[in-house]
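Could you teach me how to read the features of a protein model, giving the general idea before each case?

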Amino acid sequence: MKKKKLIPCIIAIVAIVLLGIAGVKLYQLMFGGAVKVQTADIISAIAQMKLQLIIGAVILIAGIVILIIGLRKKDENLKDLLKVQGIVAMVLAVVITVNTVCFGPQYSNLSTVLSGTTAISEEHINESLEAAEAIADEGITLLKNEGNALPLASGTKLNVFGWSSVAPVYGGAGSGSSDSSKAASLLDGLHEAGFETNTELENFYTNFRSERPSISFFGVDFTIPEPTMEEFQNANIFENAKAFSDTALVVIGRSSGEGSDLAMNLSDDNNFTIGENGEHVTFSTQEDDLDAEKSYLELSNREIAMLDEVTKDFKDVIVVINSAQPMELGWLDQYDNIKGAIYCPSPGQVGFRSLGKILSGEVNPSGHLVDTFVYDLHAIPTINNFGSFHYTDYEDVTGSADNIVPFVNYNEGIYVGYKFYETAAEEGLIDYDEVVQYPFGYGLSYTSFDAEIADTQDDGQKITLTVNVKNTGDVAGKYVPQIYFNPPYTDGGIEKATANLIGYEKTELLEPGESEAVTFEIAYEDMASYDSNKIKSADGAYVLEAGDYQINLCSDSHHVLDTYTATVDTDRIYDDAHDGKRSSDEQTATNHLDYAKGNVTYLSRAGHFANYEESIAGPTDFTMPEEAKENYASVVTFDASKYDDADAQMPTTGANNGLKFQDMAGVDYDDEKWDSLLDQLTIDELKELAGNGTFHVVATSSINLPYIYETDGPTAVNSFFTGKFGTAFPAPIMVASTWSKELAGRFGTCIGNELCDFGFTGWYGPGMNIHRNAFSGRNFEYYSEDGYLSGCVAVAEIAAVRKLGIIPYMKHFVLNDSETDRARGICTWSTEQAIREIYLKPFEMAIKEADANGIMNSKNSIGSRWIGSNADVQNTIVRGEWGFKGIIGTDSLDAVSEYYENQNEAVRAGTDKMLCMSYGDDYWADESAGTVIALRNAAHHILYALSNSDAVDVHTGLPVWVYKFIAVDSIIVILLAILEVFTIREYLSKKKETTEE
C-alpha cells in the first residue's frame, strides 16, 4: 500500500525536476545571452502564451480543488481516490501547459536553444588554432625599437609590471566577445618563449585584484586597476624586482565592449554618465585616479607613478599596449629608458603566444596600424561631436516625453582619421609631427626593406603598377607596400583628401637579399569622388575630375616612397546625363540622402580649412529641425501610404503548387518559379518568416523549409542561446592589423568550418563599422578607420564563408560607429559624400566583390529615419545600385524602443527579418494588400539567400529535441495511466469489500 502511494510522489518529483531544468535553461536564455531581455520582452512572451497559461491554470485549479475536497473526505477510500485525481490533474496541468507552450508560441525559441550539433571536429579545432596564432603573429605591431632593443635575448629574466599583465584583454564584451577561459595568458606566452618572469611581482598583482572591471551593457566601470605606490613600497616590490633583473616589461591594458563608449573624462564631467540600461557609470573606484582632464585612453595617475618608478630603476624597459583603441602614447618618447613598444590589441585564445615569439625574435613583426595614433585625443576633429546629445522637442514624433531622441553630428565629413591629418598637414592647418605620433599603416620590422615602382601600364581606364620589394636587412620578414592616391582638388569644389588608400598587399616571407614583385590594378573610376553637393552633376554623382592624380607607393599614409602621376584630360561624370554609371554599379548612383545632411556645418578643405573651428565645435542647437520631424520614423508617424500602391492587389497565399524550398536551389532571383513558391505561403507563415527571427529562420511546412540556425559573432562562434562557443580568434581589429588578405580569408574559412560543424547557416558577422573616434566602445569588433581597408578584409572573410554555404550578416549597417544612445534611434547627421565614401564603402565592396547575401542593419537612424525603415538606403542604394539579393535583418529589436523600431514600416522599407526576443503579429494585423506584399517580398529575399546556402541540405524532419520531449511526455503519460489503473482498481476493490461487508 505504501509503495502505491509513492507513485504520485515520484511522478510529481519527475515533473518538478523537468520543470527545474527548463527553468534554468530559460534563465540562461533570458539573462546570460548577447541579446539582453527587457521586462517588456517577458511581458510580451507571457501575452503570447496567455491562452495556454489560462487553460493550464484552469486544470491546475481544478486539481487543487479536487485535492482539497479529497483531503476533507472522511471516507478513506474516496479520499485516496480524490487525492490521486487531484495530483494527476495538477501534473497534467503542468504537462499540458508546457507542451502547448513549447510546441506553440515558444517552439522556435526552444528549437534555437536545444537543437543542432554540439562539437567542432578535432581537425577544424587544430586548423582554427593554427590560423589564430598566424593572425596574431602578423597582426601584432612593433611601434618602437630604439637601438635594436628588441628582440630580447633568449632566457632574459623579465619583471612584468602593470596589473594588466595578470589580467590582459583577450577581446571585447558583447556579441563580438569570445570564450577566453582556455586562452594562453600573457605570462604563458612569455614562458613558452623561454623568458623567466618575476613570480613575486605576479602574485602581488593577482592578490591586488583578480577580475577586470566590466565595460558592457551589463555594467560600466572604467576603473584602471593598479596598486598605489604605498602598496608597492610596503611589499618591497621595486627593490626585489631590481635584484631579480634589470629588464622590465610594462603592460598597459584597456578593455571595451558592446553597449558603452569609453570615457572621455574620468569623472562626472564625462559626456555620458548613464549606461545603456539606465545604470550609473563608474569612472573609477580608485579616487586618486578620478580626473576630469584625463580620458580612459591616457595613463592613469597610478600608472604614471608606477611608470616613473620603473623607468628610474630599470635601464631597459619594453612596453606592451594591450588595447583595441588607439591610446595617447606620447609618454613612450618621454622616458629615455623605454626602448621598445609593441601594440597588441585583442589577441584572442592563443595570440599571447605570438607576443612571446615576437619578443624573443622567433617571429619578425609585420603588423601595421589600422588607425592613426595622435598625441592628444581631446583635440581630434570628432571629439566635440561624440557622446550623448538630446533634442528638447520630440514628443510629437515619438509619442511620449519618455521616448528621448538623441543625435550625433558627423561634422568632419569625409575627413576621417588619416584623411584629415594628411590633408590638414598639406593645407598648413597642423604641424603633422606635433599632432600625429604613429601614422595609419605604420609598423616596424626587425629587418629593413626597399620598395619602388618598377613598371607602370596605363590604358586610361586602369593602371597596373608593379612594385618591387627587397629585404635589405639581416633577418627574414614580410612587407606591406601601400598605394594611396592624391586627387586634384579645386578650392571650394568637391571635397577630397590628399591621401586615400586604394591598394595594398603583403609579401611572402622574404629572406635577406630576396625580392618580390607585387602587382596592383587600379581602376580610374575607383578614384572618383562623390559629388553630393551637386557641383558638377544635377542630381549628385561620382565624378572623376580632370587633372593629375598622384599614385603614391607608401610605407604608411604619410611617408611616400615612389610616385606615378596619372592624368585625366576631361571630367568623367558617372551619371545618365554624362558618362553613365560606373562599371561596378547595377544602377546609376545619385543623391538619395540629402535629408541626412541636416543643419550641421561640415568641415571643408576650402580656404585651407577656414571653417575648422566652427565645424568641429560641439552642438549648440538642440531643437529638432522641422524636416527631421517630417522624416522621423516611428509608430506615431508611420504612414503605410508612403510605401504602398493604393491600387495593389492582394497576392495569392496558401496555394497548392507542389513546390518545395529545395527545388529553388540555383534558381535565378527573377525566375517566375519564385512566384509559384511564394504563392504557397500562408499569411501566418509570411508573418513568422519576417517576425520570428531570433537567431533562426523558422521552419515552414507549406514549402518544406527546414529550421535554420544562426549565431553571433565576428570574433568567434558565440552562441549564448545554445551554449556553443568556438575558437576565440583574435578580434577583427587584429585581423585587419595583419594587412593580409590571405589571413583574412583563412579566418573566414576556419570560422566557416566551425559554423558548419555546429549546424549554423547564419553568421552575425563580420563587423564592418568605422573607427570614427578612438572612444567608440566597439572598435575591437570593427576593422579600421578606413573604409577601403575594412572592405578588403571583409571581402576576403565573406568570400571564404560563402564558399561553405554560410550566410554572413555583415553589420551594423550603417553609421553605427558609437554605442552611446544606440538603442534610442539616435539621429545621425552626415553628408551623402561621407556616407558613401567612408561608411557604406566596406559593405558596397563586400556585396560587389564577395557576393555578400546577408546584412544586419543597425539601431541608429540616418538623419531622423531608422535605418531599418529607410528604403532609400536598403532598397534604392543596396538593392538597386549595388544589386544586392539577400536578407536584411535587424539588430536586436529593443522592446523599450518600439516607438521608432516599427516592424510594419521596416518590412515595407526593405528589412526582411526581425531579431526580437518575442514575436507577435500586432504590427501586421491589418493583413492589407500592402502588408502582405511587403511580407511576400521579405520572404523572397530570405528564401533566395537560403536557396544559395547550405540550408538546401539541412534535414527537414523534426528536431531531435522534439523526439526527446515526446519520449518524456510518453513516460509521464504511461506513469499517470498506470497510476490511474492502480488507483481505480484499488478504489473499486475496496468499495466492493465495503459493499460485501
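The dialogue below goes through this predicted model one feature at a time.

Q: Where should I begin, and which residues of the largest nonpolar core touch the most other members?
A: A general idea helps to start with: in soluble globular proteins, nonpolar side chains tend to be buried together. In this predicted model, the largest nonpolar core holds 232 residues, and those that touch the most other members are Phe161, Phe222, Trp331, Phe813, Leu943 and Leu946. Helix α28, which covers residues 929-947, gives the largest share of this core, namely ten residues. Apart from it lies another core, made of 29 residues, including Ile522, Met527, Leu544 and Ala589.

Q: If I pick Leu943, which residues does it touch?
A: Leaving aside residues up to four places away in sequence, Leu943 touches Phe661, Trp674, Leu677, Leu678, Leu681, Ile703 and Leu705.

Q: How do I read a strand such as β34, and how many of its residues are buried?
A: In a regular strand the side chains alternate between the two faces of the sheet. In strand β34, residues 887-892, six of the six residues are buried, so this strand is largely enclosed by the rest of the structure.

Q: Which strands are joined to β34 by bridges?
A: Strand β31, residues 854-857, runs parallel to β34 and is joined to it by three bridges, with Gly854 having Ile887 as its bridge partner in β34. Strand β35, residues 913-915, also runs parallel to β34, and two bridges join the pair; here Ser892 stands opposite Leu915 of β35.

Q: What should I look for in the backbone, and where are cis peptide bonds found?
A: The general expectation is that most residues other than glycine have a negative phi, and that most peptide bonds are trans. A cis peptide bond joins Lys811 and His812, with omega about -5°, and His812 belongs to strand β29, residues 810-813. Another cis bond leads from Phe813 to Val814, with omega near 5°, and Val814 is placed in the loop between β29 and β30.

Q: Which residues other than glycine have a positive phi?
A: Phe609 has a phi near 60°, a positive value in a residue that is not a glycine, and it is placed in helix α16, residues 606-609. Leu815 likewise is not a glycine and has a positive phi of about 65°; Leu815 is found in the loop between β29 and β30.

Q: Are Phe609 and Leu815 buried or exposed?
A: A residue counts as buried when its relative accessible area is under 20%. Phe609 has a relative accessible area of 2% and is therefore buried, and Leu815, at 3% relative accessibility, counts as buried too.

Q: Which nonpolar residues form a patch on the surface?
A: Leu51, Ile55, Leu92 and Ile96 form a nonpolar patch on the surface, and together they have about 320 Å² of accessible area. The elements giving two or more residues to this patch are α3, residues 50-72, and α4, residues 76-102. Ile96 lies in helix α4 and counts as partly exposed, at 32% relative accessibility.

Q: How many salt bridges does the structure hold, and what can one of them tell me?
A: The structure holds 46 salt bridges, and it is useful to ask of each pair which parts of the chain it links. Lys478 forms a salt bridge with Glu138, with the closest N and O atoms 2.6 Å apart. This pair links distant parts of the chain, 340 residues apart, with Lys478 in the loop between β14 and β15 and Glu138 in helix α6. Lys478 is partly exposed, with a relative accessible area of 22%, whereas Glu138, at 12%, counts as buried.

Q: Which residue forms a salt bridge with Arg936, and are the two buried or exposed?
A: Arg936 forms a salt bridge with Asp679, the closest N and O atoms being 2.9 Å apart. Arg936 lies in helix α28 and Asp679 in helix α19, 257 residues apart, and both residues are buried.

Q: What does the salt bridge between Glu927 and Lys687 tie together?
A: The side chains of Glu927 and Lys687 meet in a salt bridge of 2.9 Å, N to O. Glu927 lies in the loop between β35 and α28, and Lys687 in helix α20, so the pair ties together parts that are 240 residues apart in sequence. Glu927 is partly exposed, with a relative accessible area of 32%, while Lys687 is buried, with 2%.

Notes
Residues numbered from 1 in each chain as written. Predicted model: local features only at pLDDT ≥ 70, side-chain atom pairs only at ≥ 80, totals over all residues. Heavy atoms only, no water. Core = buried A, V, L, I, M, F, W, Y, C linked by side-chain atoms within 4.5 Å. Buried < 20%, exposed > 50% of the residue type's maximum accessible area, 1.4 Å probe, protein only. Helix = DSSP H or I, 4+ residues; strand = E, 2+ residues; numbered from the N terminus. Contact = heavy atoms within 4.5 Å. Pairing = 2+ DSSP bridges. Patch = residues over 30% accessible without salt bridge, like charges linked within 9 Å, V, L, I, M, F, W, Y side chains within 5 Å. Areas by Shrake-Rupley, 256 points an atom, 1.4 Å probe, with all protein chains shown as cover. Salt bridge = Lys/Arg side-chain N within 4 Å of Asp/Glu carboxyl O.
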